Amino acid sequence: MNKTTTYDVIIIGAGAAGLSAGLVLSRARADVLIVDSGQPRNAPATQMHGFLSRDGVDPAGFLRTARHETEGYGGEFLAASVASVDTHAGSFRVTLVDATTVRARAILVATGLVDQLPLIPGLRDRWGSLVHHCPYCHGYEVRGLRISVIGGPAREMSIKQAGLLRRYSDAVTFITNGIDLGPSELSRLEAFDIHVVTANASHLVGASATLTGVALGSGDVVPTDAVFIAPPQRPQDELLRGLGCETDAGTGLVRTDPFGATNVPGVWAAGNVVTPSAQIITAAGAGSAAAISINGWLLNNDLDAATAARQ
Ligand SMILES: Cc1cc2nc3c(=O)[nH]c(=O)nc-3n(C[C@H](O)[C@H](O)[C@H](O)COP(=O)(O)OP(=O)(O)OC[C@H]3O[C@@H](n4cnc5c(N)ncnc54)[C@H](O)[C@@H]3O)c2cc1C
């Protein structure tokens with residue numbers, strides 16, 4: 001990192017969204033710095049699925065490859081956490097947690113989200129290996145096994161998960177865990193041969209790195225090989241909010257146009273930070289679209305400046 005340079009773009013976050021943008025922008029010969037705190041959302045998983053031509057690869061290896069590709073075109077990386085971004089003297093000033101500052105003409109925030117796991121003992125240790133949230137990512141891998149869906153605050157998603165998982169297993173149990181099912185919801189689940197258990201989940205059972213069941217408050221255990229839950233998700237959008245980016249009144253998410261531009265000129269966002277449902281491939285696509293939009297904006301500014309200089 002060159003602290004005296006004003007980069008064309010600083011990308012905050014080097015997951016699929018940020019790295020995809022970094023590749024497109026560095027190939028477009030923009031001066032790019034990517035700052036990343038090293039905690040991609042799917043880090044606990046040993047495989048990633050559903051990304052054509054990369055199905056089943058190691059998520060960390062995927063990011064490493066993408067990073068090398070970007071570095072090959074001159075993109076710079078910095079392992080650090082960004083504390084704030086503000087506008088200062090006509091550019092964006094990015095302040096790291098150690099108070100170092102670095103400047104850019106445009107900013108792309110690709111900081112992802114945090115899955116807020118419920119405090120059920122044994123759940124966090126198995127997150128990404130035996131406890132999952134996304135049937136599209138890991139449903140196929142648990143086909144034929146005994147699956148328990150543990151309900152939670154994301155009520156609609158929890159009920160939907162149970163239905164989706166029946167494609168993969170004849171032994172799906174829905175543990176309500178606080179969800180009060182209406183009669184029609186209950187009959188729809190039962191009609192689909194989903195075993196509904198009205199109880200709270202107490203803890204997961206099994207020696208470390210294994211799973212044999214979900215213990216209920218009553219002490220009973222639901223024999224289980226894999227758990228699915230739908231935890232609430234918290235977009236890491238503090239930097240965008242700090243810059244004054246508008247949010248959607250309904251979803252509470254920071255609003256962007258289809259190419260990731262926020263209402264604040266020079267500020268873009270991509271990936272899970274603004275689209276919590278984005279898979280790796282869609283986060284990467286959003287990063288690419290944002291990169292092209294940013295590059296067009298930089299070009300317009302350069303043309304304006306060149307024209308003004310001639311007059
Ligand atoms: C366990 C698990 C398994 C998954 N498996 C799959 C799968 O198989 N297939 C699939 O398509 N999807 C999967 N997903 C979803 C996938 O993780 C997301 O789609 C993807 O990570 C979104 O990419 P992103 O770039 O938006 O965010 P992330 O990948 O989360 O990257 C955000 C980056 O920003 C950094 N960051 C955050 N704040 C700051 C800051 N202030 N300063 C600097 N850096 C910062 C973080 O450290 C992180 O590296 C899985 C999710 C989970 C939880």
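The exercises below concern a predicted model of a protein chain with a ligand.

Residues are numbered from 1 along each chain as its sequence is written. Because the model is predicted, local features need pLDDT of at least 70 and side-chain atom pairs count only at pLDDT 80 or more, while totals for chains, interfaces and linings use all residues.

**Exercise 1. Describe the protein chain as a whole.**

Step 1. Count the elements, taking helices (H or I, at least four residues) and strands (E, at least two) as DSSP runs numbered from the N terminus. The protein chain has seven helices and 17 strands.

Step 2. Take the extent along the principal axes: the C-alpha atoms fill a box of roughly 80 × 40 × 35 Å.

Step 3. Find the buried share. A residue is buried if 20 or more other C-beta atoms, placed from the backbone, lie within 10 Å of its own, exposed if 12 or fewer, and partly exposed in between. Of the 311 residues, 40% are buried.

**Exercise 2. State how strand E1 is placed and which strands it pairs with.**

Step 1. Check burial. Six of the seven residues of strand E1 (residues 6-12) are buried, so the strand is largely enclosed by the rest of the structure.

Step 2. List the partners, where two strands pair if DSSP finds at least two bridges between them. E1 and E6 pair in the parallel sense over six bridges, and threonine 6 stands opposite arginine 103 in E6. E1 and E2 also pair in the parallel sense, over four bridges, with valine 9 opposite valine 32 in E2.

Step 3. Add the helix. E1, H1 and E2 make a right-handed β-α-β unit; right-handed here means that, with the strands pointing away from the viewer, the path from the first strand over the helix to the second runs clockwise.

**Exercise 3. Locate the ligand relative to the domains.**

Step 1. Take the bounds, which come from an automatic or database domain assignment. They are domain 1 (6-115 + 233-310) and domain 2 (124-229).

Step 2. Relate the two domains. Their C-alpha centres lie 35 Å apart. Eight residues of domain 1 are in contact with seven residues of domain 2, a contact being two C-beta atoms, placed from the backbone, within 7 Å.

Step 3. Describe the shell, made of residues whose C-beta atom, placed from the backbone, lies within 6 Å of the ligand. It holds 39 residues, the closest being Gly13, Gly15, Asn42, Gly112 and Gly271. Helix H1 (16-27), strand E2 (32-36) and helix H7 (280-310) are the elements that give two or more residues to this shell.

Step 4. Conclude. Domain 1 and domain 2 both give residues to the shell, so the ligand lies between them.

**Exercise 4. Characterise valine 114, alanine 99 and alanine 209.**

Step 1. Valine 114 is in strand E7 (residues 113-115). It is partly exposed, with 15 other C-beta atoms within 10 Å. Leaving aside neighbours within four places in sequence, valine 114 is in contact with Arg234 and Gln236.

Step 2. Alanine 99 lies in the loop between strand E5 (91-96) and strand E6 (101-109). Its phi is near 80°, a positive value in a residue other than glycine. Alanine 99 counts as exposed because it has 7 C-beta neighbours inside 10 Å.

Step 3. Alanine 209 is in the loop between strand E12 (201-205) and strand E13 (213-216). Its phi is positive, about 70°, and alanine 209 is exposed, with 9 other C-beta atoms within 10 Å.

Step 4. For context, most residues other than glycine have a negative phi.

Definitions and conventions: Near = placed C-beta within 6 Å.
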